[in-house]
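User: Please take a close look at one helix of this model and at the nonpolar packing elsewhere in the chain. A connected account would be preferred to a list.

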Amino acid sequence: MTGSIDAKIMVRRCLLTFKPFRIFVVGIGFFSLCFLMTSLGGQFSAKRLGDSPFTIRTEVLGGVESRGVLRKISDMLEVILKKMDTLSKLDNSSSSDARRLHELSSVINRIQPASLVERIQAIAQNVSNMASRVEQILQNSIVQGRAREGSSSQCEVPRDPRYPECPGKVDWMRARWTSDPCYAFYGVDGSDCSFLIYLSEVEWFCPPLAWRNHSSLPTQFTQQQTKAPRRQAAFRTDLSVLLDQVGTGKESLSFMKRRIRRLAQQWATAANHLDAKLEQRWRDQKKILVHVGFLTEESGDVFSPKVLKGGPLGEMVQWADILTSLHVLGHNLKISMSLKDLQGFLGVPPGRGSCPLTGPLPFDLIYTDYHGLQQMKQHMGLSLKKHKCHIRVIDTFGTEPAYNHEEYATLHGYRTNWGYWNLDSRQYMTMFPHTPDNSFMGFVSEELNDTEKRSIQQNKVNNMAVVYGKEPSMWKLQGKEGFLQILHRYMEVHGTVYYETQRPPEVPAFVKNHGLLPQHELQQLLRKAKLFIGFGFPYEGPAPLEAIANGCIFLQPKFNPPHSSLNHEFFRGKPTSRQVSAQHPYAEQYIGKPHVITVDFNNTEEFEAAIREIMSAKVEPYLPYEYTCEGMLERVHAYIQNQDFCAPDHPFVPANVSRKGTAGVGKQLGPMFVPLSNSTALGWSPNVPPPAAWPPLRALRLLVSQEGQSCVEACQRAGLVCERAHFHYINSKEALHALEVQCEVVDSEMNHILPAFSVMRRECGLQREALLFSCAGHSPKYRRLCPCRDFRQGQVALCRDCL
């Protein structure tokens with residue numbers, strides 16, 4: 001085995017040489033750098049610290065082709081090193097095997113091409129040859145080793161009906177265990193014993209081996225997480241620790257930190273108010289990881305470079321507020337802004353993500369986005385499926401259940417590039433409360449005190465308008481000249497469009513363009529202006545709420561027909577069929593006149609009438625409670641303390657059955673649902689003890705939709721909100737009977753419009769798949785059973801008794 005030892009010594013010597021620079025050289029592949037150093041005759045001696053990593057980075061990283069070759073070399077060498085480790089453990093190897101391995105180490109010293117590019121290409125070819133030869137030697141040695149071992153009874157592949165996938169998984173491991181270094185990390189060495197140990201102790205496809213010491217198993221059997229002692233969360237008002245955790249080095253992070261500092265006093269005041277409202281109630285402190293996937297370099301991070309160039313800031317606004325909420329609520333917070341951070345916090349084994357985590361999940365909750373979710377899938381292996389109930393996905397535009405269920409989405413045409421994660425749809429958390437199937441996370445706007453409000457009203461300029469649009473592309477709207485000319489006749493028009501040297505040609509000459517303004521200067525501009533006008537894009541951003549909070553009236557265009565993934569490029573591919581009827585539907589629905597006016601901009605008479613109405617209107621600054629710091633803290637607190645998607649979903653037994661009384665006699669509890677006074681809805685019967693649920697079932701209002709109407713619309717028409725969590729309790733024949741629905745047939749199937757019924761056909765359907773319970777589903781042939789609920793004033797996410 002002299003060849004194996006020589007080759008291993010060479011690679012390990014490189015490991016020691018470059019260990020201090022490992023982080024720096026990771027961009028070109030650590031093993032690639034070692035190989036280059038050795039193969040090029042020691043030109044880059046580690047004794048000359050100024051030469052080794054830095055010079056190589058300058059010379060080698062010249063082009064995409066070179067980087068690709070080096071990456072390939074790196075991957076090959078990692079595999080070769082693992083195989084050499086395995087070979088060194090195999091005794092009684094033949095002399096021919098040793099001779100072949102000796103040849104491998106001598107190959108390295110024979111490579112001396114003339115130019116650097118030729119050297120790289122020659123190295124890649126030789127490494128490829130080396131990989132093939134090591135593979136042959138390894139397979140021969142393993143076969144010989146198996147022959148010597150014989151068919152040891154303790155490592156026979158079991159045929160256990162409780163573990164039907166075990167034989168197939170062993171076959172897969174025999175063929176592919178070298179495909180990911182993580183298997184070797186867990187002790188897999190190519191033998192059947194190592195496969196069975198891995199598949200029974202690290203994964204769970206094979207039964208435990210009787211001869212193993214199960215008291216010291218490293219993963220699955222010892223990772224049944226023993227619950228740590230509960231700790232009480234205490235409100236925090238000092239944000240200095242959070243600011244340090246956010247980090248530096250990107251303009252996006254600087255923006256978020258400036259926002260956190262600017263709102264620090266408002267967060268402190270809100271924390272004190274909520275603490276008093278909760279009356280010192282016990283709150284569990286959670287261990288929480290926040291992984292902001294869209295800001296990682298691995299996802300491309302297109303946002304950070306545009307922060308100072310008029311790029312979108314809504315996502316960064318929301319993430320800054322989420323981080324602050326979790327910190328102020330007193331939770332144990334870790335923040336990840338890179339793939340390396342994510343791997344370290346989760347305990348990801350080295351390799352390519354095929355293996356589970358090295359230990360129990362160290363967090364109660366993980367907040368991330370779709371980019372982060374994809375990164376977790378790539379690096380958590382099977383652990384993602386096991387731990388996905390802990391994940392919360394920040395999702396601006398929402399994900400509907402039909403798109404979330406992978407099998408159903410694929411079969412019925414709802415599959416998109418996002419969606420299909422098979423989460424409980426309440427695990428998706430939106431910027432606005434537009435998708436009641438999801439949870440509404442939101443963000444905050446700066447709140448004014450009474451003195452500031454009076455000052456704004458006194459200093460408003462009635463004929464001053466500010467246009468919503470920081471990028472020149474937002475001013476390219478076809479037909480804008482017509483309504484802008486009308487606006488210009490009545491008002492002085494101001495813009496805040498980014499430019500470097502020359503005025504953007506898309507902005508008309510009569511518009512006074514201030515350029516991109518810092519936040520405090522933009523607020524001063526909004527406090528003077530009477531009108532804040534949108535052109536139709538961007539959709540559902542935070543700016544209109546900030547303008548309304550500073551005393552502006554928001555004028556926005558009506559979309560006819562509504563924009564959706566079916567007819568508009570922006571929404572195409574998003575996991576929702578939601579119909580967007582205006583630029584900012586929340587402002588239209590939940591705020592409305594006099595603060596928000598929605599008109600058809602193509603109708604000049606209607607537009608001009610709206611301008612005159614705005615100039616004569618008197619409005620006060622207004623901010624919905626749910627977008628204040630206290631409102632967000634209240635909402636996030638309720639979610640953290642009450643939403644649990646890891647608890648087993650026990651089947652619901654209808655409560656109108658006879659139960660044993662104290663004397664052993666059947667006690668009839670009566671119907672679950674009873675009519676409510678002054679309402680067409682049914683409520684939970686006060687005579688039936690409700691099962692434990694959040695929101696509590698006393699908030700439930702059972703309604704029936706019209707044909708073609710979703711439960712979102714049916715509940716809204718009744719002044720209520722659809723509550724997805726309550727579908728579980730109305731998906732029954734008892735609910736149909738209480739609503740006096742006539743059913744000749746009651747089927748159970750997977751369909752996102754169920755539970756529902758057809759009046760014409762006298763057919764009724766119940767939902768078979770809990771992930772497909774959907775407020776959004778609708779069908780022209782069916783009327784739906786809708787679980788609606790009440791909500792707190794100014795806080796649509798919570799029912800009246802939800803705190």
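Analyst: The account below begins with helix 13 and then turns to the nonpolar cores and a group of strands.

The model is predicted, so local features need pLDDT of at least 70 and side-chain atom pairs count only at pLDDT 80 or more, while totals for chains, interfaces and linings use all residues. Residues are numbered from 1 along each chain as its sequence is written, and side-chain values use heavy atoms, with hydrogens and water left out.

Helix 13 spans residues 264-278; helices (H or I, at least four residues) and strands (E, at least two) are DSSP runs numbered from the N terminus. From first C-alpha to last, the 15 residues of helix 13 reach 21 Å, close to the 21 Å expected at 1.5 Å a residue, where the expected span is 1.5 Å times one less than the number of residues. Its buried residues are Trp 267, Ala 268, Ala 270, Ala 271, Leu 274 and Leu 278. They lie on the same side of helix 13 because they cover an arc of only 165° around the axis, the arc being that of the directions from the helix axis to the C-beta atoms. Buried here means under 20% relative accessible area, exposed over 50%, and partly exposed in between (1.4 Å probe, protein chains only). The buried residues of helix 13 pack against helix 14 (314-328) and helix 26 (629-642), whereas the face turned away from the buried side carries the exposed Gln 265 and Ala 276. Just after helix 13, Glu 279 takes a positive phi of about 55°.

The largest nonpolar core has 82 residues; such a core is a set of buried Ala, Val, Leu, Ile, Met, Phe, Trp, Tyr and Cys residues joined through side-chain atoms within 4.5 Å. Met 256, Val 290, Trp 319, Leu 326, Tyr 367 and Phe 532 touch the most other members. Helix 14 supplies the largest share of this core, eight residues. Not counting residues up to four places away in sequence, Trp 319 touches nine listed partners, among them Met 256, Val 290, Phe 294, Tyr 367 and Ile 394, contact meaning heavy atoms within 4.5 Å. A second, separate core of 31 residues includes Met 672, Val 688, Val 712 and Ile 730.

Strand 22 (residues 763-767) is mostly covered, with four of its five residues buried. Strand 20 (residues 745-749) runs parallel to strand 22 and is joined to it by five bridges, two strands being paired if DSSP finds at least two bridges between them. Strand 21 (residues 756-758) pairs with strand 22 in the antiparallel sense over three bridges.
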